[in-house]
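Hi,

Here is the structure I promised to pass on. Have a look at it first, and my notes on what turned up follow below.

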Amino acid sequence: MFKTNAPQDLEELEERLSCPSAALVNEMAQIEGDILFLGAGGKLGPSITRMAKRATDEAGVSRRIIAVSRFSNQAAREQLNACGVETVAADLMSSEQLSALPDAANVIFMAGHKFGIANNPSSTWAMNSYLPGRVMERYSDSRIAAFSTGCVYGLSPLTQGGAIESDPLLPTDEYSMSCIGRERMVEHFSKVNQTPATILRLNYAVEMRYGVLVDIASAVFTDQPIDLTMGYCNVIWQGDANAMALRSLALADTPAFAINLVGPELLSVRRIADSFAQIFGKEVRFTGTESPECLLTNGNLCQQVFGYPQVPVQAVIEWTAEWIRSGGQTLNKPTGFQVRDGKY
């Protein structure tokens, strides 16, 4: 159930990010088999694995929830274990370690590389294009949901209302090309091995510690200028993105089924910044002007399939403002949403 008040601390934030919807609980009762999460140590991994465990328990189903990551942060691993999630420390780029992972009827593939591509492009291609093919072969008998990104569409005119799933993929840089490589590997092995799969073009998940809204709020709060060149964006509450990703397992098909995982609104960066400035009692400074083309995806199909997000964007804006104003912890990892040339 949606709570209007802002999360007060990390414990409450984690509880909300992992709280399953009634629709998810119902679908977890229908899906058979264990669920394996590959790349579960990232920003989404801990909360989505906890959500899967909570939804499974509420559905009264017996299944293993297994999180795989290198787990450089041992505390994060221990927290997942305490929630009843099984954890496996593994390097997915190791053929031996990938082969040794547990079998599972359902796989959520989240591993990828984005930041620092200019310094190591070959590693980005290996992680974003080569590894997905290996995973599709290793789990050819499973049902797979693979995370992708809205960057595969390139920039689209604001007047278009965001790229839809049938639009051509127009890469503009090595990162977006490598992500198209990921999708093509999923599509290829889905066809060849008749592996049901979904491709989730996420754009952008947000919560109190990370995301586009945190980037803008932090800049306004610390009197930093806001670049308006990328003048519009999409966001979706991470808890909603988690639930939709898990529910997408029921949509897995051959050939792979692609869907934009995104909120319904096309948001103005200027208006978001003005909202934060009003809440903080600050004057906001802008640089640049809004370009007619932005990185935008259309959420119509997402809302048709999954319904409207449980947490509306205005609530997330207000929660983020309160979190930043009260000195809440952030991950200090800027999204780079302003980047237009793919050099993250």
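**The aromatic rings**

Phe221, Phe276 and Phe280 are joined into a cluster by ring pairs. Please keep in mind as you read that this is a predicted model.

Searching the whole structure gives three aromatic pairs. One of them brings together Trp237 and Trp319: the ring centres are 5.3 Å apart and the planes stand at 80 degrees, so this pair is edge-to-face. Pairs count as edge-to-face when their planes are over 60 degrees apart. I enjoyed where these two sit, since the pair links distant parts of the chain. Trp237 belongs to strand E11 (residues 236–237), while Trp319 lies in helix H12 (residues 313–325), 82 residues apart in the chain. Both of these tryptophans, Trp237 and Trp319, are buried.

Phe276 and Phe280, from the cluster, make an aromatic pair of the stacked kind, with 6.1 Å from centre to centre and 15 degrees between the planes. Here the partners are local: Phe276 and Phe280 are both in helix H10 (residues 269–280), and because they are four residues apart, about one helical turn separates them. Are these two rings buried or exposed? Phe276 has 0% relative accessibility and therefore counts as buried. Phe280, at 13% relative accessibility, also counts as buried, because the cut-off is under 20%.

**The chain as a whole**

Stepping back, the protein chain contains 12 helices and 15 strands. How does its radius of gyration fit with a compact globule? For 344 residues, such a globule would have a value near 20 Å, and the protein chain has 19 Å, which agrees. Measuring along the principal axes, the C-alpha trace spans about 55 × 40 × 40 Å.

Burial is worth a glance too: 54% of the 344 residues of the protein chain count as buried. The contacts reach far along the sequence, in that 82% of those between residues at least 6 apart join residues at least 24 apart. As for the surface, the protein chain exposes about 14,400 Å², of which carbon and sulfur atoms supply 49%.

Finally, the charges: the protein chain has 28 positive and 37 negative ones, and the mean positions of the two sets are 2 Å apart.

If you open the model, the Trp237 and Trp319 pair and the cluster of Phe221, Phe276 and Phe280 are the places I have described in detail.

Best wishes

Key. Residues are numbered from 1 along each chain as its sequence is written. This is a predicted model: local features need pLDDT of at least 70, side-chain atom pairs count only at pLDDT 80 or more; totals for chains, interfaces and linings use all residues. Side-chain values use heavy atoms; hydrogens and water are left out. The radius of gyration is taken over C-alpha atoms; the globule rule is 2.2 Å times the number of residues to the power 0.38. Buried means under 20% relative accessible area, exposed over 50%, partly exposed in between (1.4 Å probe, protein chains only). Contact means heavy atoms within 4.5 Å. Accessible areas come from the Shrake-Rupley method with a 1.4 Å probe; for residues, only the protein chains shown count as cover. Lys and Arg count as positive and Asp and Glu as negative; His and the chain ends are not counted. The place of a charge is taken as NZ of Lys, CZ of Arg, CG of Asp or CD of Glu. Rings of Phe, Tyr and Trp (its six-membered ring) pair if their centres lie within 6.5 Å; planes under 30 degrees apart count as stacked, over 60 as edge-to-face and the rest as tilted.
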